[in-house]
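Hi everyone, thanks for coming. Please have a look at the structure on the screen, and then we'll walk through it together.

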Amino acid sequence: MVRPGIPYLAESGLHVPTPQERSHARARWGLPDDAFVVTAIGRLSTEKRFDLYLEVCPLLKERMPAPRFMLLGGGKPEARSSLGLQYRPPPRVRDLATSR
């Protein structure tokens, strides 16, 4: 379990990606196969506190070799703006909504 009530994919009996599928997905998003990726997923809204995720990204960058960060989610434009994602995401944070 990642959090109480949220099952980890491998424990749920759902499809676990093959190495080829994993490599293809990483290539699609421009991520090296060996990159350590920290992902936050959810509706972009102020109550979800993605601002905390964005605050932690620089701290992890100091402690890890070349981490990559992905923030995935839809939401209202004002929520994106409040996270600083209106024009350009913070360094090493990939804004997938604008990078397809």
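How much area does the chain expose, and what part of it do carbon and sulfur atoms supply? The chain exposes about 7,400 Å², and 57% of that comes from carbon and sulfur atoms. Accessible areas come from the Shrake-Rupley method with a 1.4 Å probe, and for residues only the protein chains shown count as cover.

A word on the source: this is a predicted model, where local features need pLDDT of at least 70, side-chain atom pairs count only at pLDDT 80 or more, and totals for chains, interfaces and linings use all residues. Residues are numbered from 1 along each chain as its sequence is written, and side-chain values use heavy atoms, with hydrogens and water left out.

Now the layout. The chain has 3 helices and 3 strands, and from the N terminus they run α-β-α-β-α-β. Helices (H or I, at least four residues) and strands (E, at least two) are DSSP runs, numbered from the N terminus.

Of the 100 residues in the chain, 24% are buried. Buried means under 20% relative accessible area, exposed over 50%, and partly exposed in between (1.4 Å probe, protein chains only).

Finally, two loop residues. Most residues other than glycine have a negative phi. R49, not a glycine, has a positive phi of about 60 degrees. R49 sits in the loop between β1 (37–41) and α2 (50–63). Why does R49 count as partly exposed? Because its relative accessibility is 42%.

A66 also is not a glycine, and has a positive phi of about 50 degrees. Find A66 in the loop between α2 and β2 (68–72); its relative accessible area is 44%, so A66 is partly exposed.
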